[in-house]
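Please open the model in your viewer and keep the sequence panel visible. The tour moves from the whole chain to a few selections.

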Amino acid sequence: MKAVRLKTEHLTNPLGIDVLEPALTWNCEGGTWQRAYEIRAEKDGVEAWSTGRIESSKMHAKYAPVLKSRERITWQVRLWDERDQVGEWSELACFEMGLLKSEDFVATWINPELENDPKLHKPASYLRTSFTSEKCGQARLYVTAHGLYEVWLNHVRVGDFVLAPGTSTYDQNLAYQTYDVSAHIKSGENQVEVILGDGWYRSCSGVDGDRNLYGEDIALYFQLEVEGETVCLSDESWCASSSGPLRENDMQQGEVFDARLAEIADFHPVKKEDFGVGNLVCSNSLRIKEKERFSGKIITTPKGETVIDYGQNLAGYVEFRLEGKEGEKLVLTHGESLDENGNFTTENFQERKRHKEGGIRQEVVYTCKDGENHYKSRFTIWGFRYALVETKLDLSAAEFTAIAVYSDMKQTGSFTCSDERVNQLVQNSLWSLKSNFCDVPTDCPTRERAAWTGDMGVFVDTGLYFMDCYPVIRRWLGECRLNQYEDGKLANIVPRNNVPSYFSKILAGSVGWGDAAIIVPYALYKRDGDPEILRENYEMMKKWYAFLEGRAKQKPLNPLKRLRKSPYRNYTIETGIDYGEWCEPDVESTMAMRTPQGKVASAYFAYSGKLLAEIAQVLGEEEDSIYYQEIAKKATKGYREIATVDGKIESDRQAEYVRALAFDLLEGEEEKEQAAVALNQLVINNNYHLNTGFLSTPSICPVLSKYGYTETAFRLLLQDTMPSWLYAVQRGATTIWENWDGINEKGEVKNSLNHYSYGAVCGWLFGGVCGIGVEGQQITIKPTPNPLLTEAKASYQSPVGEIVSGYRYAGEHIIIEIHIPANTVGTLVLPNGDERELVVGANIVEIDHE
């Protein structure tokens with residue numbers, strides 16, 4: 001048996017982390033069961049730690065020795081199998097610490113701008129310096145910025161992190177990066193060049209178009225060390241210029257670039273700034289990188305526009321090469337869709353009255369030099385598939401490329417089936433994930449660009465199947481903790497991307513959104529098995545739940561709106577403002593017609609209490625667990641009183657039934673079966689269309705399937721008229737839309753066309769249709785085959801190894817094929833409820849088609 005895919009803190013060989021007890025993890029190959037493991041670690045070629053033989057099947061361990069700044073640890077592991085045979089040592093893995101103490105930061109902040117009118121978009125700043133180094137050994141660069149940066153050492157770009165240093169609540173946490181620049185340094189004189197842009201720090205942001213959210217300056221922090229000796233620092237010896245070719249740069253609005261200004265001459269001194277280093281941290285996450293590339297095809301619209309179609313809606317930016325004459329211009333405006341007449345539009349993601357600059361441009365304005373021109377965006381990112389071209393240039397030989405940009409997540413899941421429309425739905429969901437996981441998980445890359453808590457709460461399980469997004473979500477949870485209000489409310493958008501209003505502070509108490517503080521960490525724990533994620537967020541969870549308890553005790557002043565006298569009156573939420581069952585079809589414009597908010601709020605109060613009790617149990621907080629169990633029981637009874645008549649739900653909204661069953665809020669099997677029957681009939685009566693909203697849609701197919709209405713769930717999945725998942729596929733979508741009718745039957749476009757939330761149904765394809773369930777090292781395969789999909793197969797590179805589950809119909813039989821990784825326990829649950837033990841490796845089961 002051998003150990004493979006070694007990671008530290010879910011990262012492969014991370015450089016510059018500040019986790020003091022990093023988690024070391026591995027997978028097993030060969031053999032069946034890990035009986036024991038041994039880890040050995042070295043620092044500078046000398047043994048730093050050895051666990052000796054540890055009798056355990058766990059595939060993770062905490063690094064125990066005390067770690068110091070800059071320490072580089074190499075480690076490997078060997079395993080004993082079920083026969084007590086020891087395997088070979090694994091390949092070496094490593095991790096390196098960043099700067100852990102304030103005294104380790106010895107550079108100063110420098111500001112390259114002589115003048116700063118905060119109302120104006122400004123050019124990028126070009127900074128330079130030189131230094132002499134007699135050494136050429138191990139070299140490390142520690143760098144960050146207010147805004148965005150690119151670094152060049154001896155005319156070679158440092159690293160492949162784009163849009164660095166990423167986004168965060170900069171005044172509290174500003175990530176710096178560590179780069180291995182050993183190969184860049186030469187003996188003698190070295191040249192340094194840095195380009196600074198506005199970035200999330202001071203660009204237009206979100207639907208309001210607010211700017212300068214974290215400051216009006218841009219600034220650089222730069223600290224370069226060779227063999228532990230500081231050789232170059234950001235200080236007043238640097239010089240800078242704002243006369244370079246990048247004349248404007250904005251994350252949302254785009255870039256203005258003048259290729260005639262490539263040679264920069266008028267450099268001036270920089271200003272020293274006293275910003276301090278107290279907020280500098282390691283991100284402990286994945287870097288943002290350029291990923292897939294799509295060649296553009298030039299088309300002509302009905303009204304004669306020249307438009308580039310890249311064939312895929314994505315988040316990223318562009319690169320082009322073309323021949324031009326000095327002074328000739330090219331303007332590219334980027335959008336997601338063509339309108340109902342086949343012409344270019346950006347109107348679907350505009351809020352012109354709210355936006356401080358009158359709208360979102362997503363634009364490149366390029367001025368040519370003579371001859372060949374090459375441009376690639378640097379300090380901007382947009383959501384787009386199309387680009388409107390405005391120019392007199394000859395584009396017959398031009399090359400246009402769209403570049404997808406997102407956090408460097410590896411794809412871990414794939415799903416294919418007999419229906420190509422469903423396969424496209426899966427790809428659309430995957431692309432919406434990629435388009436919105438750029439350092440933090442946002443809702444859309446165009447209009448709001450906001451990391452909403454509610455979106456993550458409904459999508460986390462699906463996201464974990466698709467890609468190794470754990471580090472991104474974990475980092476975002478840290479932002480949630482930073483932005484939690486004193487009274488326990490959770491900011492709905494973190495980090496902030498607008499100027500918070502009084503109303504936004506009230507809505508920070510929205511259930512379903514704030515409950516992500518509990519739902520998301522617990523989902524990460526259940527998939528991964530490491531309770532550290534629960535410890536990190538436990539105080540945030542408790543504060544949020546205490547806020548809900550306070551809401552439950554507040555009652556309406558109007559006695560006609562009060563719950564009838566009940567012993568559970570203090571365990572229902574009857575006041576406050578919530579987003580509730582957002583975007584319910586047919587009623588989204590009328591608050592009064594939505595699922596009653598008190599029912600939604602009280603349901604989440606009960607459900608989150610149950611989860612929090614389980615979390616407390618995992619963490620050994622016994623008193624807390626008992627307390628939350630009791631609250632959850634009373635809240636469940638309170639919910640039943642306000643949402644049912646003696647246990648019976650009376651509603652024509654599917655959401656009410658889905659939530660009650662998904663959250664287990666009814667008493668006894670009779671009440672649950674009654675609700676499931678009613679839900680099934682509602683879906684049938686609605687001709688297998690959805691009328692659920694944002695919060696309940698991900699659960700409707702799992703609930704129907706759980707209670708035996710598998711065919712209804714499949715018919716709902718395969719519906720292709722609006723509202724349904726496949727309607728967008730039929731309309732040619734390559735991502736998931738924010739609304740079911742993002743492009744209506746007339747071809748009219750509205751709102752974002754790149755929201756992952758409704759793509760959460762794909763979690764059911766993995767966990768329901770193919771039945772892959774993972775909790776720690778326990779794997780349960782519970783497929784729900786149906787002849788509406790004659791075959792389906794999912795693979796998932798889980799934290800414990802690759803799991804494969806698929807079925808196909810073959811005459812009177814169903815063939816189920818499963819692969820279980822080593823060092824796990826697998827159980828197959830057949831559609832009739834029978835259970836079979838699975839062996840490590842391949843499993844083939846044949847059952848009759850009933």
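What follows is a list of selections, with a short account of what is there.

**Before selecting**

This is a predicted model, in which local features need pLDDT of at least 70 and side-chain atom pairs count only at pLDDT 80 or more, while totals for chains, interfaces and linings use all residues. Residues are numbered from 1 along each chain as its sequence is written, and side-chain values use heavy atoms, with hydrogens and water left out.

**Whole chain**

Start with the C-alpha atoms, which fill a box of roughly 80 × 70 × 65 Å along the principal axes. The radius of gyration, taken over C-alpha atoms, is 28 Å, which agrees with the value near 29 Å for a compact globule of 850 residues; the globule rule is 2.2 Å times the number of residues to the power 0.38.

Colour by secondary structure next: the chain has 15 helices and 45 strands. Helices (H or I, at least four residues) and strands (E, at least two) are DSSP runs, numbered from the N terminus.

Of the 850 residues, 61% count as buried. Buried means under 20% relative accessible area, exposed over 50%, and partly exposed in between (1.4 Å probe, protein chains only).

**The sheet with S11 and S16**

Select the six strands of the open sheet ordered S14-S13-S16-S11-S19-S22, where the pairing is antiparallel. S14 (156-157) and S22 (268-269) stand at the edges with a single partner strand each, so one side of each has no neighbour in the sheet. Two strands pair if DSSP finds at least two bridges between them.

Within this sheet, zoom to S11 (residues 125-133) and S16 (residues 188-197), an antiparallel pair with nine bridges. Show arginine 128, whose bridge partner in S16 is glutamate 193.

**Aspartate 210**

Go next to the loop between helix H1 (199-202) and strand S17 (219-226), where aspartate 210 is found. Is aspartate 210 buried or exposed? Aspartate 210 is buried, at a relative accessible area of 6%.

Show the atoms around it: the aspartate 210 side chain reaches the backbone nitrogen of valine 499 at 2.9 Å. Beyond neighbours within four places in sequence, aspartate 210 is in contact (heavy atoms within 4.5 Å) with Ser203, Cys204, Ser205, Lys356, Asn498 and Val499.

**Helix H12**

Select residues 697-706, helix H12; seven of its ten residues are buried, so the helix is largely enclosed by the rest of the structure. To mark the buried residues, pick Thr697, Pro698, Ile700, Cys701, Val703, Leu704 and Ser705.

Then switch on the cover over these residues, which includes H3 (453-466), H10 (654-662), H11 (668-685), H13 (710-718), H14 (725-730) and H15 (762-769). After H12 comes glycine 708, with a positive phi near 90°.

**Strand S43 and its partners**

The last stop is S43 (residues 825-829), a mostly covered strand in which four of the five residues are buried. On one pairing, S39 (residues 778-781) runs parallel to S43 over four bridges, and isoleucine 781 stands opposite leucine 828.

Now add S44 (residues 835-838), which pairs with S43 in the antiparallel sense over four bridges. Valine 829 has glutamate 835 in S44 as its bridge partner. S43 and S44 form a hairpin with five residues between them, and glycine 833 in the turn has a positive phi of about 95°.

Notes. A polar contact is a pair of N or O atoms within 3.5 Å; within protein, one must be able to donate a hydrogen and the other to accept it, and residues adjacent in sequence count only if both atoms are side-chain atoms.
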